[in-house]
Number of protein chains: 2
Amino acid sequence: MDKSINFRRLIPDGDTHERDVCASCGFVNYQNPRIVVGSVVRHAGKVLLCRRAIEPRRGFWTVPAGYLELNETPEHGALREAREEALARLHLGDLLAVYSVPHLSQVQLIYRAEFAALDSDQPLFGAGEESLEVGLFDWDRLPLGDIAFPTVHWMLDHEREVQAKGYHGPFGNPA
Amino acid sequence: MDKSINFRRLIPDGDTHERDVCASCGFVNYQNPRIVVGSVVRHAGKVLLCRRAIEPRRGFWTVPAGYLELNETPEHGALREAREEALARLHLGDLLAVYSVPHLSQVQLIYRAEFAALDSDQPLFGAGEESLEVGLFDWDRLPLGDIAFPTVHWMLDHEREVQAKGYHGPFGNPA
């Protein structure tokens with residue numbers, strides 16, 4: 001790797017924050033928080049979880065979720081991630097939660113979801129390339145000791161709260 | 001500007017999408033959708049609007065809103081934008097809306113808000129550097145012909161709907 005990119009921290013004209021600006025060519029490397037989109041999929045009194053085949057947290061359980069891509073709506077992103085990671089086609093429902101993870105510059109938009117096309121001959125789900133296995137779990141037999149990320153605990157708790165008390169808008173980070 | 005950055009479109013190892021990768025040094029220019037955070041501020045039966053001092057849409061009216069920065073929560077970002085653009089300190093309420101503008105790769109998180117610190121001697125608001133003027137508008141005298149962006153129309157409509165019918169969760173893009 002040569003040194004042709006030569007970033008310096010400075011405030012570009014008309015901006016209010018320091019950015020990485022290449023002293024050679026003027027390229028401004030704007031970095032923005034990233035949006036994670038995902039879904040809590042419920043089916044027959046159970047919830048869908050995926051065991052991660054990739055780092056970070058390989059081998060731990062999560063929901064289908066990933067980074068929103070350019071020119072994608074959050075809803076389309078959540079559906080795409082469920083196809084990729086759980087080979088599942090979903091119907092999305094309410095926005096369950098908006099979590100922020102500022103130390104990772106991440107905002108998560110998590111939807112409630114169910115399987116679409118229940119009358120199909122195809123299996124409802126399977127392990128995509130980024131998943132070691134995918135399964136439906138009873139709510140009282142969740143793999144709570146092997147959950148990949150704190151926000152997965154939060155969304156599972158919040159989904160149960162919606163099931164018990166109804167939907168009153170998206171949850172945020174717990175206190 | 002020299003040609004030291006030499007981007008090619010290719011899929012980096014372990015990735016699933018094409019990215020701009022510098023053929024000289026390997027730098028991957030990940031581009032992500034951007035998060036706009038803002039607020040609809042109501043006060044004494046009116047709503048706060050700012051007339052933009054910057055492009056795009058200089059001279060047109062909007063709400064205090066802007067891009068979320070790294071390591072910032074959406075709530076902090078919305079409060080910061082209100083300070084910068086309207087010199088206003090706010091209390092945020094419910095998440096009014098989550099809009100997506102996929103052709104701009106933008107997701108907007110818009111909160112309901114009121115002024116904080118009403119008992120202060122300071123004025124409640126003023127024109128920040130990015131605003132030509134800031135004002136409170138009666139709902140039946142909004143500058144509807146001079147609104148900066150379509151989503152501003154949406155959020156004003158949605159705020160009125162919440163005032164009429166109560167809050168039932170965030171709105172999305174209108175049909």
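Which residue takes a positive phi just after α1(B)? That would be B:Leu87, with a phi of about 50°. The legends here go with close-ups of a predicted model.

**View 1. Helix α1 of chain B and the residue that follows.** This helix covers residues 74–86 of chain B, 13 residues in total. At 1.5 Å a residue it should span 18 Å, and its end C-alpha atoms are indeed 18 Å apart, so expectation and model agree. Look along α1(B) for its buried residues: B:Pro74, B:Gly77, B:Ala78, B:Arg80, B:Glu81, B:Ala82, B:Glu85 and B:Ala86. Some background for reading the view: an α-helix has 3.6 residues a turn, so residues three or four places apart point the same way. Just past the helix sits B:Leu87 with its positive phi.

**View 2. A three-stranded open sheet in chain B.** The strand order here is β1-β2-β3, and the pairing is antiparallel. The edges belong to β1 (7–10) and β3 (28–29); each has a single partner strand, so one side of each is left without a neighbour in the sheet. Zoom in on β2 (residues 19–22) and you'll find this strand paired with β3(B) over 2 bridges, in the antiparallel sense. For a landmark, pick B:Val21, whose bridge partner in β3(B) is B:Val28.

**View 3. Where chain B meets chain A.** On the chain B side 39 residues are in contact, and they touch 39 residues of chain A. Between them the two chains bury about 3500 Å², with carbon and sulfur atoms giving 63% of that area. There are 2 salt bridges between the chains. One of them links B:Arg19 to A:Glu69, with the closest N and O atoms 3.0 Å apart.

**View 4. Cys50 in each chain.** Is this cysteine buried or exposed in chain A? A:Cys50 has 1% relative accessibility, and because buried means under 20%, this residue counts as buried. B:Cys50, at 2% relative accessibility, counts as buried too. Don't go hunting for disulfides: a search of the whole structure turns up 0 of them over all chains.

**View 5. A:Ser120 in its loop.** Find A:Ser120 in the loop between β9 (106–115) and β10 (131–138) of chain A. Its relative accessibility is 27%, so A:Ser120 counts as partly exposed. If you pull back to include A:Arg9, the C-alpha atoms of these two residues are separated by 55 Å. Along the chain, A:Ser120 and A:Arg9 are 111 residues apart.

Definitions and conventions. Residues numbered from 1 in each chain as written. Chains lettered and ligands numbered in written order. Predicted model: local features only at pLDDT ≥ 70, side-chain atom pairs only at ≥ 80, totals over all residues. Heavy atoms only, no water. Helix = DSSP H or I, 4+ residues; strand = E, 2+ residues; numbered from the N terminus. Expected span 1.5 Å × (residues − 1). Buried < 20%, exposed > 50% of the residue type's maximum accessible area, 1.4 Å probe, protein only. Disulfide = S-S within 2.5 Å. Pairing = 2+ DSSP bridges. Contact = heavy atoms within 4.5 Å. Buried area = accessible area lost by both parts, 1.4 Å probe. Salt bridge = Lys/Arg side-chain N within 4 Å of Asp/Glu carboxyl O.
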